[in-house]
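Here are my notes on the model you sent over. Have it open while you read, and follow along chain by chain.

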Amino acid sequence: MISTRILTRRRLGTAAAQHVPARRRRRTRGFVQVASSAAADRLHLNAFGHAYLGLGAVVICVLFYLALAAQITQSSYEIARLQDQQRQLFAEQDQLRYQEATQHAPAQVQHSAAQSGMERTTPHKYLTSQAVAINLQAPIGAAPTDSTPLWQRMVAAVVERVVGARNVMAATR
Amino acid sequence: MASGVFGFRPPGRLERATAARLRIFTMLVVAVLLSSVVWTRLAYWQVLRHAQLAQQAAAQYREVVELPAIRGAIFDRHMTQLVINTTVYSAFVSPDQVPVGQRQQVASALSSVLGVDQATTMQTLASGRKFAYIQRRFSKDKADHLRSLKLAGVGLEEEQQRSYLPGLSPGSTLAANLLGFVTYDGKGQYGLEAHYQTQLAGTPGYISSYRDLANREIVLGSHTHRDPIAGSDLVTSLDANVQYAAEQALADGVKKARAESGSVLIMDPKTGGIVAWADYPTYSANNFNRTPTALFKDNVLSYVYEPGSVMKVVTLSGAIDAAKIKPNTIIDDPGAVYIGGYRISDWDGANHGKVSYTYVLEHSLNVGAIKAMQAEGHKSFYRYLQSFGLTQPSGIDVAGENFIAPPPGDKMADSQYATTAFGQGIDVNMVQMLAAVNVVANGGKYAPPHVVERIGNRINPIMLQPQRQVISPKTAQQMTAMMQAVVQYGSGWTSRVPGFELNQGGKTGTSQIPVKGKYTQNVWASYVGFLPANKPRFTMIVVIRKPNVPGADQDWTLNDGYFTASPVWKRIAQAMVVSWHITPAHS
């Protein structure tokens with residue numbers, strides 16, 4: 001039954017446009033179904049066929065993985081070899097650096113100089129010195145005052161006589 | 001009620017049911033007990049022992065390889081490398097993998113390349129052991145030669161080693177006592193190597209990977225990799241040429257004086273940077289494992305001694321700075337004074353009469369030094385000891401500083417104040433003493449002593465600190481003139497460097513060595529000085545321990561600082577004048 005509302009839509013030409021997405025969805029789904037069924041028909045694949053196909057894909061992946069692993073392993077061997085070579089070169093560089101530093105070491109320089117008959121000269125000329133500006137003829141004043149109490153001096157004198165070791169640091173100069 | 005022939009009554013329905021329940025219950029209990037045993041055991045392995053087992057499992061499949069960090073190098077002020085990392089090799093053998101028929105050939109080859117005893121090597125090869133070292137730590141040349149021979153069962157192991165520059169004799173390396181050494185497990189011992197262990201060592205990295213059953217690395221497994229961070233290089237204030245000259249002069253001086261040992265320390269007066277640090281006898285840091293441990297001790301920093309008359313520089317500086325005396329103040333020196341019950345005399349015991357303080361320093365008179373201290377007062381004297389850095393460690397950036405603190409000022413007896421004034425009864429190390437005298441050379445400022453100027457690309461923070469003013473520049477100038485007089489007219493005459501006789505300052509020191517509380521006839525002889533006096537380029541102290549100059553048993557003054565230490569000072573100063581192009585015109 002066609003209602004007046006439908007008639008109005010048909011007249012305005014809007015109904016067809018609204019139905020397009022629906023038809024497209026149906027057409028897309030249909031294409032996949034049709035294509036898969038067509039391929040299955042042509043290849044005549046049954047359930048086992050599908051299984052073999054899947055297995056083949058897995059084998060290809062495994063082979064690809066193994067090839068990649070072999071390549072990486074080969075690279076790792078190459079890296080290890082180069083690292084070993086690098087270590088050797090570093091060791092050689094260290095040794096050369098040590099040789100260089102040793103050649104410039106003061107001990108080696110002096111040794112080489114001595115072998116060549118070279119010697120460092122030392123000047124031996126002295127400048128004249130000036131007389132000390134102190135009047136050593138000045139009269140000697142009174143004896144120094146000793147603030148040590150008399151009893152301490154007496155004890156020191158007694159101990160000095162008995163022990164003989166109370167003179168301290170006389171050698172300091 | 002029915003009963004059997006023998007009185008046995010078959011169980012009824014209820015009893016049978018009860019018995020069945022009992023059996024089921026018993027079975028359940030047994031099952032629960034058995035399962036709980038299993039569960040308990042599971043819990044034991046999975047919970048209690050989890051960590052240990054996980055660790056053991058990880059050890060089987062996981063491998064962590066440490067990547068050692070490169071240890072920082074050490075340079076002198078001219079960027080001469082003093083310490084270099086080198087690769088050395090150790091040869092090992094797996095005797096069980098050497099076929100019997102090849103043993104003779106392998107032993108012969110090892111003997112010819114490494115110089116090891118062939119018979120001993122044959123014994124090792126015949127031992128059937130799994131592993132044995134043949135020789136440790138030899139050079140790359142030998143390793144290359146050995147590698148080219150492709151000997152069965154013989155392997156090489158790479159190791160890192162610190163190599164130091166050759167020193168004066170084949171048995172020594174340059175600045176060994178200052179630099180220290182590094183053990184085979186990478187730990188710095190003594191000197192700079194120990195003090196800067198953290199900065200020099202860096203941070204090791206690692207590679208963590210997985211291993212299969214055959215112990216091969218699983219290349220596609222997950223790896224964790226952290227790069228090592230190399231240690232920082234140290235740039236020191238040392239001068240390798242001056243260091244060598246100092247070691248040479250010191251060795252000759254110690255031998256000539258027939259002394260027990262000697263040390264030299266040279267400082268840059270403006271910065272406090274150490275220019276040379278020499279000890280004799282010394283050792284080879286390249287052969288530390290074959291060196292007696294007694295030689296490792298660094299006498300510059302680890303040996304405390306009584307400085308003797310060198311201390312008079314500090315005493316007189318303090319008294320002048322406190323305005324209690326002047327260089328030309330005249331005092332009376334009768335040759336001896338009594339203090340605290342002790343009779344303290346001058347070195348010659350003679351009455352010197354009226355003398356100035358300049359004369360006191362020139363002729364090293366103990367009584368004059370005591371009078372200067374008394375004029376200044378105990379409190380002020382002690383305060384100057386503190387300011388000159390003699391009551392605390394120097395704090396220099398080298399491991400192993402030894403220090404004996406003097407008693408607090410109020411605990412010191414009068415006699416100890418008196419003896420301290422001329423350098424006995426107080427213990428210091430050479431770094432403390434040189435830094436104190438350097439105050440005079442540095443215009444009255446205390447320059448903190450240090451060896452390292454740059455750590456990596458950073459300046460040593462100690463160099464950025466302001467220097468404290470200990471005495472006024474005027475006092476320093478006066479004291480410099482007095483020390484010049486010591487060289488020109490006094491006990492320092494043996495240190496005169498040709499061309500600088502009027503322009504160098506110094507002071508001798510000789511102090512008796514106490515043993516078990518009593519002073520002996522053995523002495524520490526020292527000399528400290530700087531040059532040129534008006535614009536010092538270096539300050540140097542030389543200490544000779546227990547000199548025994550021929551004839552000294554008759555005349556002890558032959559062991560004096562002016563006779564043993566001062567000539568060494570002069571010889572090194574001459575070398576520095578040439579090496580640093582110091583000219584009288586420059587001064």
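**Notes on chain B**

1. Start with a single pairing: B:Met267 has B:Thr539, in strand 23 of chain B, as its bridge partner. Bear in mind that this is a predicted model. The two strands involved, strand 11 (residues 261–267) and strand 23 (residues 538–545) of chain B, run antiparallel and are held in register by seven bridges.

2. Now the sheet around that pair. In chain B, five strands make an open, antiparallel sheet, and the order across it is 12-11-23-22-21. Strand 12 (274–280) and strand 21 (505–515) of chain B are the edge strands; each has a single partner strand, so one side of each has no neighbour in the sheet. On average, neighbouring strands here are turned by 10° against each other, ignoring direction.

3. Two helices to look at next. Helix 9 (residues 240–256) of chain B packs on the sheet and touches strands 11, 12 and 23 of chain B, with its direction at about 30° to that of strand 12. Helix 16 (residues 430–441) of chain B lies across strand 11, strand 22 (518–531) and strand 23, and runs at about 145° to strand 23.

4. Have a look at B:Pro269 too, which sits in the loop between strand 11 and strand 12 of chain B. Is B:Pro269 buried or exposed? It counts as buried, because it has 22 C-beta neighbours inside 10 Å, and 20 or more is the cut-off. Leaving out residues up to four places away in sequence, B:Pro269 touches, among others, B:Asn438, B:Ala441, B:Phe530, B:Phe538 and B:Thr539. That last residue, B:Thr539, is also the bridge partner of B:Met267. By contrast, the C-alpha atoms of B:Pro269 and B:Leu125 are 62 Å apart, with their positions 144 residues apart along the chain.

5. Zooming out to the domains: the assignment for chain B gives domain 1 (13–48), domain 2 (70–201) and domain 3 (240–579). The centres of domain 1 and domain 3 of chain B, taken over C-alpha atoms, are separated by 91 Å.

6. Finally, the overall build. Chain B has 19 helices and 23 strands. Its radius of gyration is 37 Å, well over the 25 Å given by the globule rule for 587 residues, so chain B is more spread out than a compact globule. Along the principal axes, its C-alpha atoms fill a box of roughly 145 × 80 × 50 Å. Of the 587 residues in chain B, 47% are buried.

How values were computed: Residues numbered from 1 in each chain as written. Chains lettered and ligands numbered in written order. Predicted model: local features only at pLDDT ≥ 70, side-chain atom pairs only at ≥ 80, totals over all residues. Domains from an automatic or database assignment. Pairing = 2+ DSSP bridges. Helix = DSSP H or I, 4+ residues; strand = E, 2+ residues; numbered from the N terminus. Axes fitted to C-alpha atoms, helices over the stretch in contact; angles between N-to-C directions. Contact = placed C-beta atoms within 7 Å. Rg over C-alpha atoms; globule rule 2.2 N^0.38 Å. Buried ≥ 20, exposed ≤ 12 C-beta atoms within 10 Å, placed from the backbone.
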